[in-house]
Amino acid sequence: LVMVFYGSNGKSNPVSMENKVEHQAKNQITYDIHLPSDLGMLYKVRLGLQSLEDSISQLSLHHFKMQNTSTLDTFSLTINKTLPLSLNGDRWIEFPVEWPLKEALSVVTYHLTVFSRNILSERNLVHMTACIHGTHGDTGDRSLLWLLQNVQQGEDNESFLVIVDAVELGELEKVVLLISSETDCKLDIRKLHLKEALKDHPVYVFEVNEAFSVNANKPKIQREIPLSFVIRGDKQKNYIDNNLHKEESQTRNLTEYTIKVYTGDKRGAGTDANVHIILFGNDEKSEVFQLSQSLEHQDPFERGKVDTFKIMTKNLGNLYSIEIGHDGKGFASGWFLEKVEITDASRNSVYCFSCNR
């Protein structure tokens, strides 16, 4: 059993209950847990099973009670649920913490629709999770390929629905995908639509437009997909009616760009921060791409190294500029970028953008 606690100042690391048994009575276990003081006011708890790989055991949870030993503030909740929630189903449940005189959040069912091209044919060998982030925290990693609904398959496109129950997330901000496979394959994901199950709108749209080359012998691929735009109110129907055909034709006309990033050969030139890029052409500009899967190196952007990335996006025309940067994460995140070379195979063109700083 694992717990994650969310507070006004952040969330805890997963707290494993494996070696924390303090007192055990019939059908009741009490744990003493020491949380960082900087979590602030707790507003959510996530309970889950760490792994089901070695067994098919289930855990029935009836009641949850939590007390702050300093203030004696007490929270209790009747759960009456069994994990996993269904055969091969979600291993996590979330509930809001309702303190006296404090307004609690509610539990919401989210509908996540995945638009792709070939995931369904590979789904028995592929492991894919999504962590949805909003202004009120995140859902943790939830499996996308266990229990699919509303499956639709066409010749060149497909979609399926995933249902996620979570404490309300507020305004949605990004989705982090984790992808691995038991065999080498290429997974083409177009976009994600997210909304509350009981509402037609707003619909949060996350454009992906990437073919992921998954290698069975390599670590999981991680992609952070920022929010692209939000469909609100009556715009949803107009968007679906007017843009589906346009989107399908754009999907067929995707262009592959090869991006070579040259890190300078100076002391401290490399970085472990997360690097992103946007391409600007005289016809269009690309979405934001996270440059995380180098074709040459497992640890990209090291001193004096060249890293190659391939992205798929709409045809941008002749490129005239790029935006490239990083999020400043990690120790000594400063980065000396020498230059970026981009090859557009469809035009047989190579563009060079010098930076040297």
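Is phenylalanine 75 buried or exposed? In this predicted model, phenylalanine 75 is buried, because its relative accessible area is 4% and anything under 20% counts as buried. That residue makes a good starting point for a walk through the aromatic rings, and from there we can move on to the empty spaces.

Let's stay with the rings for a moment. A pair of aromatic rings is described by the distance of the centres and the angle of the planes. The count for this structure comes to 6 aromatic pairs. One of them joins phenylalanine 75 to phenylalanine 95 in a stacked arrangement, with 6.2 Å from centre to centre and 20° between the planes. This pair links distant parts of the chain, since phenylalanine 75 belongs to strand β8 (residues 74–83) and phenylalanine 95 to strand β9 (residues 92–96), 20 residues apart. Phenylalanine 95 is buried as well, because its relative accessibility is 5%. Ring pairs also bring in Phe64, giving a cluster of Phe64, Phe75 and Phe95.

Rings meet charges here too. Arginine 46 lies over the face of tryptophan 92, 5.4 Å from the ring centre. Further along the chain, the charged end of lysine 339 sits over the ring of tyrosine 262, at 4.6 Å from its centre.

Now for the open space. The largest pocket holds about 1,400 Å³. It is lined by 35 residues, and the closest to its centre are Tyr31, Phe64, Lys65, Met66 and Gln67. You have met Phe64 already, as a member of the ring cluster. Two or more lining residues come from each of β1 (2–7), β5 (28–31), β6 (42–48) and β7 (59–67), and β7 gives the largest share, with 9 residues. By class, the pocket lining has 18 nonpolar, 14 polar and 3 charged residues.

Finally, let's look at enclosed space. The structure has 1 cavity of 30 Å³ or more, and its volume is about 80 Å³. Among the residues lining this cavity are Glu207, Arg223, Pro226, Glu287 and Phe289. The elements that contribute two or more residues to this lining are β18 (203–214), β19 (221–226) and β23 (289–290), with the largest share, 4 residues, coming from β19. The cavity lining divides into 5 nonpolar, 1 polar and 5 charged residues. Domain 2 (106–236) and domain 3 (254–354) each supply at least three residues to the cavity lining.

How values were computed. Residues numbered from 1 in each chain as written. Predicted model: local features only at pLDDT ≥ 70, side-chain atom pairs only at ≥ 80, totals over all residues. Heavy atoms only, no water. 1 Å grid on protein atoms, 1.4 Å probe; cavity = no way out; pocket = protein on both sides within 12 Å on 5 of 7 lines; lining within 4 Å. Points joined across faces, edges and corners; volume = space filled by probe spheres on them. Nonpolar A, V, L, I, M, F, W, Y, C, P; charged D, E, K, R; others polar. Domains from an automatic or database assignment. Phe/Tyr/Trp six-rings, centres within 6.5 Å; stacked < 30°, edge-to-face > 60°. Buried < 20%, exposed > 50% of the residue type's maximum accessible area, 1.4 Å probe, protein only. Lys NZ or Arg CZ within 6 Å of the ring centre and 35° of its normal.
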